[in-house]
Amino acid sequence: MFHHVKELQFNARVSKPDVRFAKLLLEQFGGPNGELKAAMQYFVQAFGCRKAYPDKYDMLMDIATEEFSHLEIVGATIQMLLTGVNGELKNAADESDLTKVLDGKAAKEDYIQEAMVNPHFFLVSGGTPTLTDSVGNPWSASYIMGMGDLTADLRLNIGAETSAKMVYENLMKFTDDVYVKESLRFLMTREVAHFQMFQAALDTIKPNFPPGILEGDPKFSNKYFNMSKGEEYKGPWNEGKSPLMGEEWQTIEEPRQHVKDTNGLLEEKSKGTDRSEESVQSANKKLSAERKTKIDEANAPKNGVMSWSVYEDSQKAKDHEKSSASK
Ligand SMILES: [Fe+2]
């Protein structure tokens, strides 16, 4: 269940209205890297691991709910930045004078110019935040990524936190308001915290690479195709051992010739790896069975019923509390 608390998680403040920045900030309200995207992504992913990975479910729901709290902070900040606009738009019977609330004629002209770039925000919303990005594209569920597998989902979330952090970092350059900057810095920092939570959670799942269940074909998992000619560089991405699988990188210097020689890679040989087709097949079978059993057992109906929540335990805990208090 959700239970709303009217106070914000962070004491967001604004020193004066700024319609231009309000519009930019919409990027983190209804944009592809924004707070609603993050909240919905973790919320949707959480369903799949409720039973089999209750610890990850707990974390995903904590972070999803915190992202909703951030959405609220961003919305509140946008609303404060639009102070005066909402009321003045309602003052429809009078000759509306936005000049008064917008700190002079120049600010009004700014407002009109902004309204022309994103009319939806200023004219349709009536001076409140809209679920769009900063140029007016409506929020879309297509921003949400989830594969129903934690080793994939947690990596997608690390990516989501990365881009959200960068948008805040960039937004901070477009306002001089110390109070707004303070909130943005808080929001940016929480992305840094979430990034590490997802990484740490991923590290507790073994094995977690490659994402999902199936191992890669050992003939191709450590081949580096030198596909561009000119200045050449060497690094841990093409020499030494591959970082996650520990296979020796094999550089194919002449990919065109190599593809010809191997009949379009059909006759490729594996090299620099301990893995073989047999070891891959048996690892695939073993991990498939392991994950299936874990998920099936966790989700099996108890006494012919499936239930999402357990309330008895909390009742028991209360009874226990009562009895120990009366002693
Ligand atoms: Fe986050």
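This section describes the overall composition of a predicted model, its annotated binding site, the packing of selected helices and several local backbone features.

The protein chain of the predicted model contains 13 helices and 2 strands. Of its 327 residues, 24% count as buried. Contacts that reach far along the sequence are well represented: among contacts between residues at least 6 apart, 74% join residues at least 24 apart.

An unreviewed UniProt entry carries the annotation "binding site" for E35, E67, H70, E161 and H194. These residues span 160 residues in sequence, yet no two of their C-alpha atoms are more than 13.1 Å apart, so they gather at one spot. Two of the annotated residues, E35 and E161, were examined individually.

E35 is found in helix α3, which comprises residues 35-47. With 24 other C-beta atoms within 10 Å, E35 is buried, because a count of 20 or more places a residue in that class. When residues up to four places away in sequence are left aside, E35 touches Q28, F29, E67, H70, L71 and V74. Two of these partners, E67 and H70, also belong to the set annotated as "binding site" in the UniProt entry.

E161 lies in helix α9, formed by residues 150-171. This residue likewise counts as buried, with 23 C-beta neighbours inside 10 Å. Its contacts, again without residues up to four places away in sequence, are with E191, H194, F195 and F198. Among them, H194 is a further residue covered by the UniProt annotation.

The surroundings of E161 were then considered at the level of helix packing. Two packed helices are described by the angle between their axes and the distance between the axes. Helix α9 packs with helix α10 (residues 178-203) at an angle of about 165°, and their axes are 9 Å apart. Since angles over 145 degrees count as roughly antiparallel, α9 is roughly antiparallel to α10. The crossing of α9 past α10 is left-handed. On the α9 side, the contact is made by T151, L154, R155, N157, I158, E161, T162, A164, K165, Y168, E169 and L171. The residues contributed by α10 are L184, L187, M188, E191, V192, H194, F195, F198, Q199, A201 and L202. Both E161 and H194 therefore appear in this contact as well as in the annotated site. By class, the residues of the contact of α9 with α10 divide into 13 nonpolar, 5 polar and 5 charged.

Helix α9 also meets helix α3, the element in which E35 is found. The axes of α3 and α9 come within 11 Å and cross at roughly 170°. This angle makes α3 roughly antiparallel to α9. The contact involves A38, Q41, Y42 and Q45 of α3, together with D153, N157, A160 and A164 of α9. Its composition by class is 4 nonpolar, 3 polar and 1 charged residues. N157 and A164 of α9 take part in the contact with α3 and are also listed in the contact with α10.

Two cis peptide bonds were identified in the loop between α10 and β1 (residues 223-225). One joins K206 and P207, with omega of about -10°. The other joins F209 and P210, with omega of about -5°. Both P207 and P210 are found in this loop.

Positive phi values occur at two residues that are not glycines, L265 and N303. L265 has a phi of about 70° and is placed in the loop between α11 (residues 255-261) and α12. This residue is partly exposed, with 14 other C-beta atoms within 10 Å. N303 has a phi of about 55° and lies in the loop between α12 and α13. N303 is exposed, with 5 other C-beta atoms within 10 Å.

The loop between α12 (residues 277-299) and α13 (residues 312-326) also holds W308. With 7 other C-beta atoms within 10 Å, W308 is exposed, because a count of 12 or fewer defines that class. The C-alpha atom of W308 is separated by 10.0 Å from that of F47, although the two residues are 261 residues apart along the chain.

Definitions and conventions. Residues are numbered from 1 along each chain as its sequence is written. This is a predicted model: local features need pLDDT of at least 70, side-chain atom pairs count only at pLDDT 80 or more; totals for chains, interfaces and linings use all residues. UniProt positions are given in the numbering used here, feature names are shortened, and annotations may be inferred rather than shown by experiment. Helices (H or I, at least four residues) and strands (E, at least two) are DSSP runs, numbered from the N terminus. Two residues are in contact if their C-beta atoms, placed from the backbone, lie within 7 Å. Axes are lines fitted to C-alpha atoms, for helices over the stretch in contact, and angles run from 0 to 180 degrees between N-to-C directions. Angles under 35 degrees count as roughly parallel, over 145 as roughly antiparallel, 65 to 115 as roughly perpendicular and the rest as oblique. A crossing is left-handed if the near helix is turned anticlockwise from the far one by less than a right angle, and right-handed if clockwise. Ala, Val, Leu, Ile, Met, Phe, Trp, Tyr, Cys and Pro count as nonpolar, Asp, Glu, Lys and Arg as charged, and the others, Gly among them, as polar.
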